[in-house]
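Hi,

Here is the structure I said I would pass on. Have a look at it first, and then read my notes underneath.

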Amino acid sequence: MTDTIATSQPVEAERSPAGEGHRVWHVPDCFLPSRSVGEHPSHEALCVLNVSDEDARLELQLFFADREPVTSVVTVPARRNVHIRTDQPEMVGVTIPRDVPYGCRIQSSVPVTVQYSRLDAQDGYELMTTAAMPIA
């Protein structure tokens, strides 16, 4: 049997942030509920991990069934993880209508990783989370 030894020393690895993540992501099942019960409001988040040494300029395009797309630009700093709350216009850059299904296309200036989460607090708490679909 081999003993393992924990260390705080980082693993030496070649940094290749340009190869981690993707530049285009799709999240087809977005929905921002209007009702909430309890202390935590219903909300969604686009969780973006940028491991590169450059800021990521994200163009968010929101697609609806009955209206033209809405576009916004958000910046995720280099080597940071940001949760872009869609219920907070100051974070997402636009006011997203509630109780309206929509899809989101995220196009980034550098490769990033995207995860989508929704907390539906209409009748208790229901949490959904999924990796977004990498396209390019």
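Which backbone oxygen does the side chain of Ser 72 reach? Keep in mind while you look that this is a predicted model. The answer is the backbone oxygen of Val 92, at 2.5 Å. Ser 72 sits in strand 4, and it counts as buried, with a relative accessibility of 6%. If you skip the neighbours within four places in sequence, Ser 72 is in contact with Leu 58, Glu 59 and Leu 60, and also with Val 92, Gly 93 and Val 94.

Leu 60 turns up again in the strand pairing: Ser 72 is its bridge partner in strand 4. The wider setting is an antiparallel pairing of strand 3 (residues 56–64) with strand 4 (residues 70–76), joined by 7 bridges. Together, strand 3 and strand 4 make a hairpin, with 5 residues between them.

Next, the rings. How many aromatic pairs does a search of the whole structure find? It comes back with 1. That pair is Phe 64 with Tyr 102, and its geometry is tilted: the centres are 5.8 Å apart and the planes make an angle of 35°. Phe 64 belongs to strand 3 and Tyr 102 to strand 6, so the pair ties together parts that are 38 residues apart in sequence. Both Phe 64 and Tyr 102 are buried. Phe 64 has another partner too: Arg 67 lies over the face of its ring, at 5.0 Å from the ring centre.

Last, a couple of backbone angles you may want to check when you set things up. Arg 79 is not a glycine, yet its phi is positive, at about 55°. You will find Arg 79 in the loop between strand 4 and strand 5 (80–85). Asp 99 is another non-glycine residue with a positive phi, this one about 60°. Asp 99 is in the loop that runs between helix 1 (89–92) and strand 6 (102–120). Is Asp 99 buried, partly exposed or exposed? Its relative accessible area is 37%, so Asp 99 counts as partly exposed.

If you only have a minute, start at Ser 72 and its link to the backbone oxygen of Val 92, then move over to the tilted pair of Phe 64 and Tyr 102.

Cheers

Notes
Residues are numbered from 1 along each chain as its sequence is written. This is a predicted model: local features need pLDDT of at least 70, side-chain atom pairs count only at pLDDT 80 or more; totals for chains, interfaces and linings use all residues. Side-chain values use heavy atoms; hydrogens and water are left out. Two strands pair if DSSP finds at least two bridges between them. Helices (H or I, at least four residues) and strands (E, at least two) are DSSP runs, numbered from the N terminus. Buried means under 20% relative accessible area, exposed over 50%, partly exposed in between (1.4 Å probe, protein chains only). Rings of Phe, Tyr and Trp (its six-membered ring) pair if their centres lie within 6.5 Å; planes under 30 degrees apart count as stacked, over 60 as edge-to-face and the rest as tilted. A charge sits over a ring if NZ of Lys or CZ of Arg is within 6 Å of the ring centre and within 35 degrees of the ring normal. A polar contact is a pair of N or O atoms within 3.5 Å; within protein, one must be able to donate a hydrogen and the other to accept it, and residues adjacent in sequence count only if both atoms are side-chain atoms. Contact means heavy atoms within 4.5 Å.
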